[in-house]
Amino acid sequence: MAIISRGFHGRPRPAEGKLPPGQYETRDFPVLSAGPTPRISHDRWEFTITTEGGERHAWTWDELMALPAERPTVDLHCVTKWSKFDTSWQGVSLDVLLEDVETAADFALVHAYGGYTTNLPLEDLLDGKAWIVYQYDDEELSPEHGGPARLLVPHLYLWKSAKWVRGIELLLDDEPGFWESVGYHNYGDPWREQRYQGD
Ligand SMILES: Nc1nc2c(c(=O)[nH]1)N[C@H]1C(S)=C(S)[C@@H](COP(=O)(O)O)O[C@H]1N2
Ligand SMILES: [Mo]
């Protein structure tokens, strides 16, 4: 008779239902950047949202810090197949930043210091699904992981979570970002395994 259930020994298995298809769990926090790590001081840092009509909303670092913060704990899924569970962050919900922005746009193109871009539907930034985060694990977000601040959109593959985020451009027509324009899936839902165009 088996007293100890199968899987008791060895590596703990990921909690049921947390691992999207084709992914494996890692405890590390790999760094993936397409170019050099930009260094932006808090003094020079600025975050902007521009509408399709050219209206510009801007926040300095101090203004961002003065906004109500949230502490999301979320799972991350990278298209290179690692997933990291229960990561904890602090930042401002995009709902707060978009509150006073009048727009008819359906799409967002996210811009980062250093030139990286990524696109997603505007609705994927709303309703508690996305944050501008500046702390990871109760510490200031390191430059390698996107500090001073990065976008966090955990329900999409992690390439959508632009590090060193600088602004969001609201658009009536969708425009592909950096990876999306070279064959990555336009939307990137890990649960539907939308890694590349045609998936
Ligand atoms: N600005 C910028 N943001 C970026 C990237 C990048 O190259 N530049 N890489 C993306 C990719 S492909 C991934 S998997 C994650 C990696 O985040 P990490 O380095 O904190 O693990 O950042 C995303 N955001
Ligand atoms: Mo990635």
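In this predicted model, five strands line up as an open sheet in the order β3-β2-β11-β6-β7, and the pairing is mixed. The two edges belong to β3, spanning residues 56-60, and β7, spanning 117-121, each of which finds a partner on one side only. Going from one strand to the next, the twist comes out at 15° on average.

At the β7 end of the order, the neighbour is β6. Strand β6 covers residues 107-112 and runs antiparallel to β7, with 5 bridges holding the pair in register. One residue pair shows how the two strands match up: Ala108 has Leu120 of β7 as its bridge partner.

Thr117 also sits in β7. Although β7 is an edge strand, Thr117 counts as buried, because its relative accessibility is just 15% and the cut-off for buried is under 20%. Leaving aside residues up to four places away in sequence, Thr117 touches Leu109, Val110 and His111, and its contacts also take in Gly177, Phe178 and Glu180. Leu109, Val110 and His111 fall within the 107-112 stretch of β6.

Turning to the ligand, 19 residues surround ligand 1, and those that come nearest are Pro30, Ala34, His145, Arg150 and Lys163. Backbone atoms do part of the work here: an N or O atom of the Pro30 backbone lies 2.6 Å from an oxygen of ligand 1, and a backbone N or O of Leu32 lies 2.9 Å from an oxygen of ligand 1. Arg150 instead brings in its side chain, with a polar atom 2.7 Å from a ligand 1 oxygen. On its own, ligand 1 has 540 Å² of accessible area, and the protein covers 96% of that.

Technical notes. Residues numbered from 1 in each chain as written. Chains lettered and ligands numbered in written order. Predicted model: local features only at pLDDT ≥ 70, side-chain atom pairs only at ≥ 80, totals over all residues. Heavy atoms only, no water. Pairing = 2+ DSSP bridges. Helix = DSSP H or I, 4+ residues; strand = E, 2+ residues; numbered from the N terminus. Axes fitted to C-alpha atoms, helices over the stretch in contact; angles between N-to-C directions. Buried < 20%, exposed > 50% of the residue type's maximum accessible area, 1.4 Å probe, protein only. Contact = heavy atoms within 4.5 Å. Near = heavy atom within 4 Å. Polar contact = N/O pair within 3.5 Å; in protein donor to acceptor, adjacent residues only side chain to side chain. Areas by Shrake-Rupley, 256 points an atom, 1.4 Å probe, with all protein chains shown as cover.
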